[in-house]
Amino acid sequence: AAGLYRYLRDFCGCHLSWSGAQLRLPDPLPRLRAEIRAAAPGRYRYYQNVCAQSYSFAWWDWARWEREIDWMALSGINLAPAFAGQEAVWQRVYRNLGLNQSEIDKYFTGPAFLAWNRMGNLRRWAGPLPPAWHFKQLYLQYRIVERMRSLGMTTVLPAFAGHIPQGILRVFPRVNATRLGHWSHFDCTYSCIYLLDPEDPMFQVIGTLFLKELIKEFGTDHVYSADTFNEMTPLSSDPAYLSRVSSAVFKSMTGADPKALWLMQGWLFQHQPDFWQPAQVRALLHGVPLGRMIVLDLFAESKPVYQWTESFYGQPFIWCMLHNFGGNHGLFGTVEAINHGPFAARRFPNSTMVGTGLVPEGIEQNDMVYELMNELGWRQEPLDLPSWVTRYAERRYGAPNAAAASAWRLLLRSVYNCTGVCVNHNRSPLVHRPSLHMDTEIWYNTSDVYEAWRLLLSAGAELGSSPTFLYDLVDVTRQAAQQLVSDYYLSIRQAFQSHALPELLTAGGVLVYDLLPELDSLLSSHSLFLLGRWLENARAMATSDQEAEQYELNARNQVTLWGPSGNILDYANKQLGGLVLDYYTVRWSLFVSALVESLNSGRPFHQDQFNQAVFQVERGFIYNKKRYPAVPAGDTMEISRKLFLKYYP
């Protein structure tokens, strides 16, 4: 499949991505003068982040899964998780152990939050899971593993990491389990999950029982994933304890499959470096025989762990690009880091690197970066990026265009070239709760994005019929608008602080009554930027009105409050038609009104009071019951041009 895509890409000028395909084949098809052979420098090209299961894949049907798996195969990916349907198997195991349904229902989260239930961070929130959910997910999983294996991929199945429902303590009152602390900004109502002691005999019973059941259901390729301490501090920093934990997890895998290989996310080591000192890292990794574990160096483009752990103390690792948090929109890349990082990691003394990986928390954004990373998985040396991106633009739009190529070279050197420790979490004031202390710092020259916008618009006459071109035009216009929001925010703040009411009314008025509504109409003109698409996909998974309501609330909560009270507020922010108008704009309107009221009355602005008021607006959006269109409306080119004529600096 990777050879087929190489032919389509390099000889037919085609392109395939999340945002569309450009498959205009030459007639006749070009013949190769000689055989072409290619070998990847590492054994694995890995794809998927456990969080993407919720941020991106939560509501997928089989047609969408099939498209993704085909894209994976064409991109040369040969190792990936197959995590759907595991709750159905867990439910069976818990019932066999003697738990009742209400105890199980108090454990599983709703569909949009299962990723964090699986890692022991969260329980019950937005649940329970209806019986029909289990049936549908099992059906999907059968097809997913069949399709992946038929295309030569190694599937990674979930394993037991030690987290258990409270009901286990009722059935087995003598088990040795400890309650973990709270996760993120959740209290023990929805977090503080029990962790079974690795030395307790029930650890092996439950772990092996689950895996045997899973293998009976789906077969196996002998690779299993488990994360015991994802963003959770272990109960002890004693190296002997940490070794016992990893040894117990691995033993429960080999109890069901003697050939088991453990795939573990290395996120914990860089997320809590104060806890994970060299002795602790070594202990956890050496609880498993060397070569029987593969560690994902999850954020290697910004915070590589292999460098300070002597290449994971001998365990094989995959150099991964994380790139995206929360599935946020926003142009971003660390192209120099990914163009050189994997090659440096291979040259590292006694390197145990066995491949490269793509592990974004959310997908369907920044196609270029993923195409580049997929290609680098097959390269023996770095690419010449400006000439690569010029060819990329030509393939993506199906025709050479000087203006479009120039636009991409500008984006490459600016917004896509973050250097140093870059964390791509969209911090734009546009998508965050307004305050007088918002972050407007960026890593690039904004004029490069404005100029790329101008160049893309000028290419519209020639390329306007290309779906991928229209997607990029929306995305670059959206980025320019996001930059403009920061400028207006700074004007609003400045006017307020200098008590200049006319200037405050002007800047606030333009932002709330023109720029944000125009951005919303731009996003509403493209199917991939619609809130309605996300919500309707959620409803489509339901088998009753009640389920449809539950799934829609899951979908709405995830992209806004992320929890009952804004626990991880706006972490998974998206710029979608409908969401910009009815959520972000309403918040900004309330903020500007509060500042105006403060100047008029002479009373100081209190952020705490504003937060209480704006929380009602945020919560109101989740429960507004409004149906948002899943079909685009309006002419993308026209709307972008209108925005350009008004706002191009």
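This passage describes the disulfides and some of the unpaired cysteines of the structure. The model is predicted, so that local features need pLDDT of at least 70 and side-chain atom pairs count only at pLDDT 80 or more, while totals for chains, interfaces and linings use all residues. Residues are numbered from 1 along each chain as its sequence is written, and side-chain values use heavy atoms, with hydrogens and water left out.

A disulfide is a covalent bond between the sulfur atoms of two cysteines. When a disulfide is taken as a pair of cysteine sulfur atoms within 2.5 Å, the count comes to 2 disulfides. With the bonded cysteines of the protein numbered in sequence order, the pairing reads 1-2, 3-4.

One disulfide is formed by C188 and C192, whose sulfur atoms lie 1.9 Å apart; the torsion about this S-S bond is about -70°, and the disulfide is therefore left-handed. Accessibility is described by relative accessible area, where buried means under 20%, exposed over 50% and partly exposed in between (1.4 Å probe, protein chains only). C188 counts as partly exposed at 37% relative accessibility, whereas C192 is buried, with a relative accessible area of 3%.

A disulfide also joins C418 to C422, with an S to S distance of 2.1 Å, and this link is left-handed, with -95° about the S-S bond. Both C418 and C422 are buried.

Among the cysteines without such a bond is C12, because its sulfur is 5.3 Å from the closest cysteine sulfur, in C14, which is too far for a bond. The sulfur of C320 is 13 Å from the closest cysteine sulfur, in C51, and is likewise too far for a bond. C12 is buried, with a relative accessible area of 8%, and C320 counts as buried at 0% relative accessibility.
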